[in-house]
2 protein chains.
Amino acid sequence: MYTAKPMPKNPVVAIAGITGAVGKEILLVLEQLEFPAAEVRALASARSAGKRIPYTGPGAPADGELVVQEMTDDSFADVDIVLFSAGGDVSERFAPAVVASGAVMIDNTSAFRMRDNVPLVVPEVNAADIKNHQGIIANPNCTTIQMVVALNPIHQLAPIKRVVVSTYQSASGAGAEGMQELYDQTHAYLHDEELTIEAFAHQIAFNCIPQIDVFMDDLSTKEEWKMVVETKKIMHAPNLEVAPTCVRIPILRSHSESINIEFDTDALDAAGRDYPTLDQVREALENAPGVVVIDDPENKAYPMPYPTNGTNETYVGRLRVDNSVKSGVALWCVADQLRKGAALNAVQIAQALLP
Amino acid sequence: MYTAKPMPKNPVVAIAGITGAVGKEILLVLEQLEFPAAEVRALASARSAGKRIPYTGPGAPADGELVVQEMTDDSFADVDIVLFSAGGDVSERFAPAVVASGAVMIDNTSAFRMRDNVPLVVPEVNAADIKNHQGIIANPNCTTIQMVVALNPIHQLAPIKRVVVSTYQSASGAGAEGMQELYDQTHAYLHDEELTIEAFAHQIAFNCIPQIDVFMDDLSTKEEWKMVVETKKIMHAPNLEVAPTCVRIPILRSHSESINIEFDTDALDAAGRDYPTLDQVREALENAPGVVVIDDPENKAYPMPYPTNGTNETYVGRLRVDNSVKSGVALWCVADQLRKGAALNAVQIAQALLP
């Protein structure tokens, strides 16, 4: 049985996996959002212990540098919130110690997402689920997060029956190594040098790889499976069908998604309700938390990944009626994978835990 | 009334727009396929007249160099086949002269594609339509060509009701200038220099642009509209619904497409037919002309754009059941935009005209 420590107004926050791309971004987001930490601690494997990382936000040490400490089972005694992004095996290894300490673990890996007693949370969608946690709250997969931020206001307007989504995922989803590999391969390609392939299964420079994560028995990838099951869990919509194709493309850090939404016209008919108009969908998105609509075709304005790097919002555009179904809309959705897709969402969950 | 010249076994072939990316590729394909031309002529605007272009295939001049001639209304008198890829306005300008000469125009632009008396042809799908031509045969849009090569064998197996497709289109679709701009912008980006934007509406290096061609009244782009209407025309399937999203990504010359296919289960039920299995779909594709199935998830084998540059086939992989509908499959389709998407398909039409 989990017993939470009372959450102070100024909690002690630890970041597990501070040296990774997401860990670094979490630190940046804590500072930018002025998260009211009493203290911020940097945890990592023994290999990184002693490294110094600049941090001058709330709870920073006097010299403006966090010193990385080796994470052990004893790291959580006087910690209130631990943000994990060091890989699923590390999260599994340390979860019992975090829970036993009475701290709250906000886990960015897929280790616990589908467990019944672990809320899977995108605050704009299901913040209310947070209160059911038993010491662990899971941060969803990047592709799922930005999709549900865009889908939920539409689903509240009229029930969605089916979503077909194809992703355009950046190298940052494979961490700092992925971004570096895209950079290095591109440089080598332009200078007629030999490419090195390590972070990805194939060359990523000037190429697409239609595989992210491992293959499942049904021939989907685990990344695609995550989009199916996580979306249902977050949106409390077990019957919402999702058909994803996840593709890595040679861009650095924001993900894009092409989404076709089919409304549940049987349910709308049964309830005697009109089908939603495009203007209603647009209005729902414009009023939705965390969403910015960029949709001005005449001026060639729509969301694109490069301009959104380093921003916190989920951008939606290319809104149009999908005439291939009885009632449906199509849209294009972009968000920074390291921000809303990972670090920002985790810090938003931490914010929601504050008294 | 059009009266065709009799087509000789060794026709005189002219290429209109020889200096463009597609024009150059047509010349390469004529040579590689050993198209039995009696003579090959290079036509272009006055600006390019006098340029010399190496060509050593059938019908080459003794010195192995074609000399570009200015295209005029008199250019077609003793020509049998003219392959046009110099822009829609040029095709419209010269079509009357080609038709009056009795030659056959194979047009790579969108100028005539949807006209009733102009066959729109992908030889693997509707070669029989060629015989109905009145002097003009249209080459479909690149994104449509590779999609129908993959869809048609499946549609023959079981009728398709709806297709949702998202494209990952290369810079080559914007011609040689597009490829050069991607190259130059990428180089500038890596060397911290200022980028120049000319061929595309926005930066393409390390970015996606969810707009190809102009916007239509229904908020789709013309590229998306082409995929809808051209697919219906080529496949003789007026009721086949297509929901496309067309996106430019930073790769050089092959297009990829994420395709979700929904079978017409009402039609199958009415006919008392079983729904197709994944194995049947795979077999239909494996036996289809022009298709190569690369689909070995265990060995991370699937089609990717970079390895297909310069090849002639349409590659299909990531075959799987789409469980979000009663009966459907998803797949990933890749082809070289300059080859099957343009030059190769045009030369295949020319081959089909031979006696």
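Q: In this predicted model, which residues does Asn141(A) contact, leaving aside its neighbours within four places in sequence?
A: Let's start with one residue and look around it. Contact here means heavy atoms within 4.5 Å. With neighbours within four places in sequence set aside, the partners of Asn141(A) are Arg113(A), Glu223(A), Lys226(A), Glu230(A) and Gly341(A).

Q: Where in chain A is Asn141(A) found?
A: Two elements frame this residue: strand E8 (136-138) and helix H4 (142-157) of chain A. Asn141(A) is found in the loop between strand E8 and helix H4.

Q: Does Asn141(A) count as buried or exposed?
A: Buried means under 20% relative accessible area. Asn141(A) has 7% relative accessibility, so Asn141(A) counts as buried.

Q: What is the place of Ser327(B) in chain B?
A: Now over to the other chain. Strand E13 (314-321) and strand E14 (328-336) of chain B are the elements to look for. The place of Ser327(B) is in the loop between strand E13 and strand E14.

Q: Is Ser327(B) buried or exposed?
A: The cut-off for buried is under 20% relative accessible area. Ser327(B) has a relative accessible area of 6%, and therefore Ser327(B) is buried.

Q: Which residues is Ser327(B) in contact with, leaving aside its neighbours within four places in sequence?
A: The same kind of search works here, with heavy atoms within 4.5 Å as the cut-off. Leaving out neighbours within four places in sequence, Ser327(B) touches Ile261(B), Glu262(B), Phe263(B), Thr265(B), Tyr275(B) and Pro276(B).

Q: What relation links chain B to chain A?
A: Chain B can be laid on chain A by a turn of 180° and a shift of 0.0 Å along the axis, with an RMSD of 0.0 Å. That is why the relation is that of a two-fold axis.

Q: Through what surface do the copies meet?
A: Look at the interface residues of chain B: 100% of them are also interface residues in chain A. The copies therefore meet through the same surface.

Q: What radius of gyration does chain A have?
A: Chain A fills a box of roughly 60 × 55 × 45 Å with its C-alpha atoms, along the principal axes. With 355 residues, a compact globule would have a radius of gyration near 20 Å. Chain A agrees with this, at 21 Å.

Q: How many helices and strands are there in chain A, and what percentage of its residues are buried?
A: Chain A has 10 helices and 14 strands. Of the 355 residues in chain A, the buried ones make up 61%.

Technical notes: Residues are numbered from 1 along each chain as its sequence is written. Chains are lettered from A and ligands numbered from 1 in the order in which they are written. This is a predicted model: local features need pLDDT of at least 70, side-chain atom pairs count only at pLDDT 80 or more; totals for chains, interfaces and linings use all residues. Side-chain values use heavy atoms; hydrogens and water are left out. Copies are superposed by least squares on the C-alpha atoms of residues with pLDDT of at least 70 in both. Helices (H or I, at least four residues) and strands (E, at least two) are DSSP runs, numbered from the N terminus. The radius of gyration is taken over C-alpha atoms; the globule rule is 2.2 Å times the number of residues to the power 0.38. Buried means under 20% relative accessible area, exposed over 50%, partly exposed in between (1.4 Å probe, protein chains only).
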